[in-house]
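Hi everyone, thanks for making time. I'd like to walk you through one structure today, so have a look at it with me.

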Amino acid sequence: EEGRPSSVNPVSSNLPRASIMAGPELRFDNKVVVVTGAGGGLGKAYALFFASRGASVVVNDLGGSFKGEGASTKAADVVVDEIRAAGGKAVANYDSVEHGDKIIDTAVQAFGTVHVLINNAGILRDISFKNMKDADWDLIMKVHVEGSYKACFLRRCCCNAGWLLQCSKAAWPHFRKQKYGRIINTSSAAGLFGSFGQCNYSAAKLGLVGFSETLAKEGAKYNILCNAIAPVAASRMTQTVMPEEVLANLKPDWIVPVVAYLVHESNQTENGGIFEVGAGHVAKLRWERSKGALYKPDSTMTPGAILKKWDQVKDFSSASHPDGPADFMGLLEQAMALGSNDQ
Ligand code: NAD
């Protein structure tokens with residue numbers, strides 16, 4: 001299918017697609033793609049795109065406000081109607097991602113399985129830490145972290161008098177069984193760098209990076225690849241925090257191609273990555289570890305001894321880029337061989 005001209009695309013021209021092919025046309029025929037929060041913003045752009053490239057799409061959206069209040073079937077229905085009107089395949093799901101397993105049930109009932117899961121749904125409860133209420137913290141964790149987890153993992157089995165009545169499965173077991181799965185978790189610059197008034201959102205969004213990094217390690221041998229993105233795009237979420245002229249240049253459509261590449265079968269290697277995407281800029285982020293300082297681990301390892309070598313601790317001139325913990329046994333051996341920290 002690589003390089004297949006758009007003229008043989010089975011879906012009519014109403015859906016967005018690359019106008020001029022700048023590279024192969026990556027298609028998603030026979031793939032089932034689940035997009036959470038697909039009733040608007042980035043999620044809608046993903047859903048329209050995947051449908052235009054031949055995928056069967058589950059359009060999930062709770063249809064509430066950007067603060068997580070209320071619910072409506074309209075948001076998802078509008079997107080499904082648009083996809084179908086253009087000749088694409090889509091079904092709606094209106095569950096909150098807090099019940100993400102039900103969203104996967106919709107995919108399995110409608111299309112038999114799931115190949116791609118885009119954990120995108122999100123809300124904001126911005127407030128300074130001083131004024132934050134438990135409810136602001138809890139809801140953000142529930143929607144972003146638990147929502148992403150629930151779509152990936154098993155529904156709790158429902159038991160009656162010790163007998164298993166039902167055990168419906170979310171995406172992960174399907175991915176493992178078919179030895180194919182692609183997951184995108186949606187992080188944020190707020191999580192990576194911190195952001196005033198968003199400590200709940202920041203904690204959740206960086207939590208999703210750790211979630212992705214671990215799923216990437218556990219999934220690799222089953223051809224399940226998981227990456228995280230930190231997007232910047234115009235949506236109802238950003239319309240109050242960015243000026244109009246900036247938003248005009250930050251289309252969700254410019255996040256879509258990066259996500260589409262990462263979840264396409266042609267991506268066999270990019271796994272556990274963090275990508276900043278927006279305004280036509282795509283960059284990969286990674287962890288950096290300073291060479292650090294070594295101290296003899298004995299009673300001379302005092303706070304004063306730490307201070308003496310603090311410049312070495314924070315010196316990034318000979319830094320490395322780890323994807324796992326330091327080799328503590330090797331370091332310990334070197335540290336034991338040192339003389340006293342008094343010297
Ligand atoms: P958006 O508000 O336009 O879209 C989010 C969608 O998720 C909405 O349609 C909403 O109804 C849906 N949703 C909310 N809670 C839900 C729930 N519990 N269950 C199911 N659906 C739910 O915002 P957006 O900008 O498109 O955001 C998409 C994702 O990108 C979010 O995770 C957001 O945190 C993240 N993000 C966006 C930006 C940006 O610049 N727009 C920046 C960083 C991160």
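Let's start with a question: which element gives the most to the shell around the ligand? That's H1, with three residues. Just so you know, what you're looking at is a predicted model.

H1 has company around the ligand: helix H4, residues 134–152, and strand E8, residues 224–232, each supply at least two residues of that shell, as does H1. There are 33 residues around the ligand, and the ones that come nearest are Gly-37, Gly-41, Ala-121, Gly-122 and Ser-235. If you sort the shell by class, you get 18 polar residues, 12 nonpolar and three charged.

Okay, now the core. The largest nonpolar core has 76 residues, and Val-34, Tyr-46, Ala-47, Val-57 and Val-59 have the most contacts inside it. And here's H1 again: spanning residues 41–52, helix H1 gives the most to this core, with eight residues. As a general point, nonpolar side chains in soluble globular proteins tend to be buried together.

Let's zoom in on Val-57. What is Val-57 in contact with, leaving aside its neighbours within four places in sequence? The list is Val-33, Val-35, Ala-47, Phe-50, Ala-51, Ile-83, Lys-89 and Ala-90.

Last, the whole chain. The protein chain has 12 helices and 10 strands. It runs to 343 residues, and 37% of them are buried. Take the contacts with a separation of 6 or more: 67% of those in the protein chain are between residues 24 or more positions apart.

Definitions and conventions: Residues are numbered from 1 along each chain as its sequence is written. This is a predicted model: local features need pLDDT of at least 70, side-chain atom pairs count only at pLDDT 80 or more; totals for chains, interfaces and linings use all residues. A nonpolar core is a set of buried Ala, Val, Leu, Ile, Met, Phe, Trp, Tyr and Cys residues joined through C-beta atoms within 7 Å. A residue is buried if 20 or more other C-beta atoms lie within 10 Å of its own, exposed if 12 or fewer, and partly exposed in between; C-beta atoms are placed from the backbone. Helices (H or I, at least four residues) and strands (E, at least two) are DSSP runs, numbered from the N terminus. Two residues are in contact if their C-beta atoms, placed from the backbone, lie within 7 Å. A residue is near a molecule or strand if its C-beta atom, placed from the backbone, lies within 6 Å of it. Ala, Val, Leu, Ile, Met, Phe, Trp, Tyr, Cys and Pro count as nonpolar, Asp, Glu, Lys and Arg as charged, and the others, Gly among them, as polar.
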